[in-house]
Amino acid sequence: MQSQEQPASTRNRPFPEVLPLRQRSEVIHGILKKRLDTILPMAMRETGFDMWLILCQEDDLDPVFKTLTPMDLWCPILQILVLYDRGEGEGIERINISGTNTYDLYDRPYRGQVEEEQWPLLMKIIEERDPKRIGINTGSIEWAAGGLTHNLYLQLVEKLPTKYVERLDSAEPLATRWISTLTDEEIELYEYVVNVAHHLIAESYSRKAIVPGLTTVDDLHWYYWERCASLGLEVSFRPGFSLVRSEAMKEKYGESDRVIRAGDFVRCDVGIRYLRLTTDNKAWVYIRRPGEQDAPEGMKYLMAQGNKLQDVFMSEFELGLTGDELLENILTRARREGLRKPKVYSHSLGLFLHEPGPLIGLPWEQDSCAGRGAVKLEYNYTFTMELSVRGLLPEWGGQEIAMALEEDVVFTKQGCRLIDGRQTDFYLI
């Protein structure tokens, strides 16, 4: 029988409705229009670009292109988007030179699919507007900002007049700002998306999915993935479920045993992509032995220590700090407060899984992360708060255990907060 003790975001709540595709497309379209009207002008002016060119081809779409276009489209052959800042009060001119139907989001002076006609029109548009700084996606640090292929770059440079070639510049800071910043509406929507993700974990950690002594962690991996597929949800990465068990259990059943048994913990690392927003979570379940009502006290204490590190993490967020500065501040305070072996390996989240905002540590790097660790924190950036502490578990003969936790958070003018709660007690089977 499953305990009623569940993390707060799922306790006693029905599984949220997952929208059909047509409604998803409508939601994405409305959100994208707001982003184009508000986030895009801010990002272009803040980073000093008056034109942004997005060039890609139908089977090799630029990651940024996917964030600038609606869900319901077909992208034949060559794709060209031109974004031009006409100045304060005039807004950003949005032009689509391709056969892709972008509906009311872009002007479409050309609707064909003939490259020999698209390129001259692009040159004409550039010469008429005479941009001073042209952004192209040749970023070298944030991989989401490096989507311009070598082939299309060579074609662009060959066709552009020399004076405009000299004005080309990597749009990496612009792409970073555009992709990382969410609207208030997206943040509100994110609460719903993360709640769906939390319910998927809760269901995977129930008798629907786990029969102790029979179910393996591989079975759980496929259960989660199939459940996502049945709802029309994409997993944000390969779902992972790991056994965390005592040395005595390992000796009894062997190192290769994958069956989930009484006395085991299971830790997941899973996420979904839904309505263009990405989740990434780690959570724990305990399989109780006969007569047990709860998880071992040592593990409950260790989770409380992990929650304390989460509190430290969120309290150290401050506008303008880099990822490396955040990492140093969080770890310094955590050690000062007596947390044992704290480790932080948090990354930005949102439209992409690991990109492109500040990187706050890596599992193998707890000092500084060249390039991505230098990105600065801005408002309305979202992250997965991925971290761990370690402790000695008395119930397992002093065996050292890493309590790895991961929850999704957002940084706004009100500070850093959880998007949809966190795990403070164990799922129980």
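The following paragraphs describe the overall architecture, the nonpolar cores and selected local features of a predicted model.

The predicted protein contains 11 helices and 18 strands. Its radius of gyration is 24 Å, close to the 22 Å that the globule rule gives for 429 residues, so the protein is as compact as a globular protein of that length. The C-alpha trace spans about 80 × 45 × 35 Å along the principal axes. Buried residues make up 58% of the 429 residues. When contacts between residues at least 6 apart in sequence are considered, 70% of them join residues at least 24 apart.

The exposed surface of the protein amounts to about 18,100 Å², of which carbon and sulfur atoms supply 50%. With regard to charge, 50 positive and 67 negative side chains are present. The centres of these two sets lie 3 Å apart.

The interior includes two separate nonpolar cores. The largest nonpolar core comprises 71 residues, and those with the most contacts inside it are Trp 52, Trp 178, Tyr 205 and Ile 272. Helix α7, formed by residues 184-204, contributes the largest share of this core, with 10 residues. The second core, which is separate from the largest one, has 38 residues, among them Trp 284, Tyr 381, Val 389 and Cys 416.

Val 389, a member of the second core, is also in contact with Leu 339. Leu 339 is found in the loop between α11 (323-336) and β13 (343-344). Because its relative accessibility is 5%, Leu 339 counts as buried. Besides Val 389, the residues touched by Leu 339 include Gln 305, Lys 308, Leu 309 and Ala 334, residues up to four places away in sequence being left out. Gln 305, Lys 308 and Leu 309 are thus contacts of Leu 339, and helix α10 covers residues 297-315. The C-alpha atoms of Leu 339 and Glu 128 are separated by 61 Å, the two residues being 211 apart along the chain.

Helix α10 (residues 297-315) also holds Tyr 301. With a relative accessibility of 54%, Tyr 301 counts as exposed, since the cut-off for that class is over 50%. In sequence, Tyr 301 and Gly 391 are 90 residues apart, while in space their C-alpha atoms are 9.1 Å apart.

Another buried loop residue is Val 259, located between α9 (247-253) and β9 (265-270). Val 259 has a relative accessibility of 14% and therefore counts as buried, the limit being under 20%. Its C-alpha atom is separated by 4.1 Å from that of Thr 216, which lies 43 residues away along the chain. Thr 216 is also one of the residues that Val 259 touches. Gly 213, Leu 214, Thr 215, Leu 243, Arg 245 and Asp 264 are further contacts of Val 259, again without residues up to four places away in sequence.

Strand β14 contains Ser 348. At 5% relative accessibility, Ser 348 is classed as buried. Its contacts, residues up to four places away in sequence not being counted, include Leu 353, His 354, Glu 355, Pro 356, Gly 357 and Pro 358, together with Thr 382 and Phe 383. The C-alpha atoms of Ser 348 and Leu 359 are 6.5 Å apart in space, and the two residues are 11 apart in sequence.

Two of the residues touched by Ser 348, Glu 355 and Pro 356, are joined by a cis peptide bond with omega near -10°. Pro 356 lies in the loop that connects β14 (347-349) and β15 (381-393). Most peptide bonds, by contrast, are trans, and most residues other than glycine have a negative phi.

Positive phi values occur at two non-glycine residues, Tyr 103 and Asp 130. For Tyr 103, phi is about 55°. Tyr 103 is situated in the loop between β3 (92-97) and β4 (107-110), and at 37% relative accessibility this tyrosine counts as partly exposed. For Asp 130, phi is about 50°. Asp 130 is found in the loop between α3 (115-129) and β5 (134-136). The relative accessible area of Asp 130 is 26%, so Asp 130 is likewise partly exposed.

Methods
Residues numbered from 1 in each chain as written. Heavy atoms only, no water. Helix = DSSP H or I, 4+ residues; strand = E, 2+ residues; numbered from the N terminus. Rg over C-alpha atoms; globule rule 2.2 N^0.38 Å. Buried < 20%, exposed > 50% of the residue type's maximum accessible area, 1.4 Å probe, protein only. Contact = heavy atoms within 4.5 Å. Areas by Shrake-Rupley, 256 points an atom, 1.4 Å probe, with all protein chains shown as cover. Lys, Arg positive; Asp, Glu negative; His and termini not counted. Charge placed at Lys NZ, Arg CZ, Asp CG, Glu CD. Core = buried A, V, L, I, M, F, W, Y, C linked by side-chain atoms within 4.5 Å.
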